[in-house]
Amino acid sequence: MKRFWMRSLTGQWVAFMLLALALSQLLYFFIYRAEQARTVQELRRDEFLARSASVSRLVDTVDPTLHPEILRATSTAAVRFWLASEAPGDPADWQNTARDRLLESSRPPEASDLTTQADGHWESLSAESQFGDSHARLMRLGKWNGFGLAVPAKNGLWLNAVYAKPGAVTGPPPLYYVSLGFTAVLLSLVSIMVARRVGRPLRRLTEAAERLGRGEEVPPLPEDGADDVRRTSIAFNQMQSRLRRFVQDRTRMVAAISHDLRTPITSMRLRAEFVEDEETREKMISTLDEMKAMTEATLAFAREDATSEETRSVDMNALLGSLCADLSELGLQVDFAEGDRIPCNCRPDALRRAFRNVIENGVRYGNRARVSVAASDDDLEILVEDDGPGIAVADREKVFDPFVRLEQSRNRSTGGVGLGLSIARSIIRRHGGDIELMDGSPGLRVRLHLPRQQPD
């Protein structure tokens, strides 16, 4: 699950879309809350002033003996009216009085929300307001989420009013959250569809590049889809075609050079036969024979390299077992540790040649070779161990260079021409693996690592 969200294109796309949705909705929520609070505050203010204006006109109209009854009848749990003989003074004192009036209600606002700290000041209302008097004053009580009002009345009295509605403004309606969830699901589905549409050609390209890197024949990719994807497929197909032509040209050139060298080497050998000095003649013939062997090995390698072998599924244990059995029949000391069936997609003829070169080297320089294979879900590991003197650390990379021989006798029966390990590593690397030389106990241990291509 973590890999899906963090590594896959689909997971990242869905995550980014949901993150963008969350950020946009969070911004909308803050804007919505601010706008809602402002609108509700204005509506409450207008309603409070209109209600207070009605009470003010009623107080100025009726007999003063009815004032207490009128004020009691028009007051509510959130709105309280009272008359005072003096104009309001300090805002903090007036707010304390207003708080006491609110707490007289049978259902007062939450007492803990009605702080005694003065958080407002008196503002004069214009003469064009509902009260028609420039002496009317309004106080905004932000902490109470309300307002205070003082309006001159008849007979030198002042009508005081307070409105308090503590508590935050309510959030969006339930349908908002339903709509948000539906939008998130819809965006996720659309993101998955788009990511898969983009990811499918990318997966095809990745698989084709991996197979091409292992030296397999890869059919051209479909050149369809969006322009960016189509151009990528076209570029990959062109690159594959150019690489194939490049390798074929170089292989043909090497094969041609090796082929053409055989004629002058043969001619020089015939002439060497007429050299009278026997020691000189033998040295020249030996050198020419060595050159001929190197040329023949190079030509054989070039021919095999030019031959494209199909990838197919084989049992790696069976492949190594049959090879070791064949070498044992030829008189070589080869031991193979049998194991369970290990199916693997590869080019078996090429791998067989690589394994044979490594095993024959082990027998040639270490008297015997012990072969084993181990497999995991993703990798194959073939070990070839011998009882020889091993190879110095400084020389372990040199032995993979073409025509390099650590054996100094120059005897082809004991040293070969120096192409065996070069060919083996070339084949292994074309399968996406590598060869590593390590110290054995005793002798040399050769580790051939291959990525396990599971058959479909």
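1. Let's start inside the sheet, with one cross-strand pair: Arg-370 sits across from Glu-385 of β10. Bear in mind that this is a predicted model. The strands behind that pair, β9 and β10, are antiparallel and linked by seven bridges. They also make a hairpin, with three residues between them.

2. Zooming out, the sheet is an open one of five strands, ordered β7-β9-β10-β12-β11, and its pairing is mixed. The edge positions go to β7 (334–336) and β11 (434–439); each has a single partner strand, so one side of each lacks a neighbour in the sheet. Going from one strand to the next, the twist averages 20 degrees.

3. Now for the β7 end. Here β7 and β9 run parallel, paired over three bridges. If you want a register marker for your viewer, take Val-334, which stands opposite Ala-369 in β9.

4. On to β10 and β12, which pair in the antiparallel sense over seven bridges. Ile-382 is the residue to click on here, as it faces Leu-448 in β12.

5. At the other edge, β11 is antiparallel to β12 (residues 444–451), and six bridges join the two. Two pairs give you the register: Asp-434 has His-449 of β12 as its bridge partner, and Glu-436 stands opposite Arg-447 in β12. The two strands form a hairpin with four residues between them, and in that hairpin Gly-443 takes a positive phi near 80 degrees. That's a backbone angle to look at if you're going through the torsions.

6. The sheet has a helix packed on it as well. What does helix α8 touch there? Helix α8 (residues 316–329) is in contact with β7, β9 (369–375) and β10 (379–386), and its direction makes about 155 degrees with that of β7.

7. Next, a helix–helix contact. Helix α9 (residues 348–366) packs against helix α11 (residues 420–430) at an angle of about 145 degrees, the axes being 8 Å apart. The crossing of α9 past α11 is left-handed. On the α9 side the contact is made by Ala-350, Leu-351, Arg-353, Ala-354, Phe-355, Asn-357, Val-358 and Asn-361. From α11 come Gly-420, Leu-421, Ile-423, Ala-424, Ile-427 and Ile-428. Sorted by class, the contact has 10 nonpolar, three polar and one charged residues.

8. Then there's α6 (residues 227–272). How far does this helix of 46 residues reach from its first C-alpha to its last? The span is 67 Å, close to the 68 Å expected at 1.5 Å a residue. Among the buried residues of α6 are Val-229, Phe-236, Ala-255, Ile-265 and Ala-272. The buried set also includes Ser-233, Asn-237, Gln-240, Thr-251 and Ser-258.

9. Last point, a serine in helix α2 (residues 9–61), namely Ser-52. Is Ser-52 buried or exposed? Its relative accessible area is 0%, and buried means under 20%, so Ser-52 counts as buried. Leaving out residues up to four places away in sequence, Ser-52 touches Phe-81, Phe-131, Leu-149, Leu-159 and Ala-161.

Technical notes. Residues are numbered from 1 along each chain as its sequence is written. This is a predicted model: local features need pLDDT of at least 70, side-chain atom pairs count only at pLDDT 80 or more; totals for chains, interfaces and linings use all residues. Side-chain values use heavy atoms; hydrogens and water are left out. Axes are lines fitted to C-alpha atoms, for helices over the stretch in contact, and angles run from 0 to 180 degrees between N-to-C directions. A crossing is left-handed if the near helix is turned anticlockwise from the far one by less than a right angle, and right-handed if clockwise. Contact means heavy atoms within 4.5 Å. Ala, Val, Leu, Ile, Met, Phe, Trp, Tyr, Cys and Pro count as nonpolar, Asp, Glu, Lys and Arg as charged, and the others, Gly among them, as polar. Two strands pair if DSSP finds at least two bridges between them. The expected span of a helix is 1.5 Å times one less than its number of residues. Buried means under 20% relative accessible area, exposed over 50%, partly exposed in between (1.4 Å probe, protein chains only).
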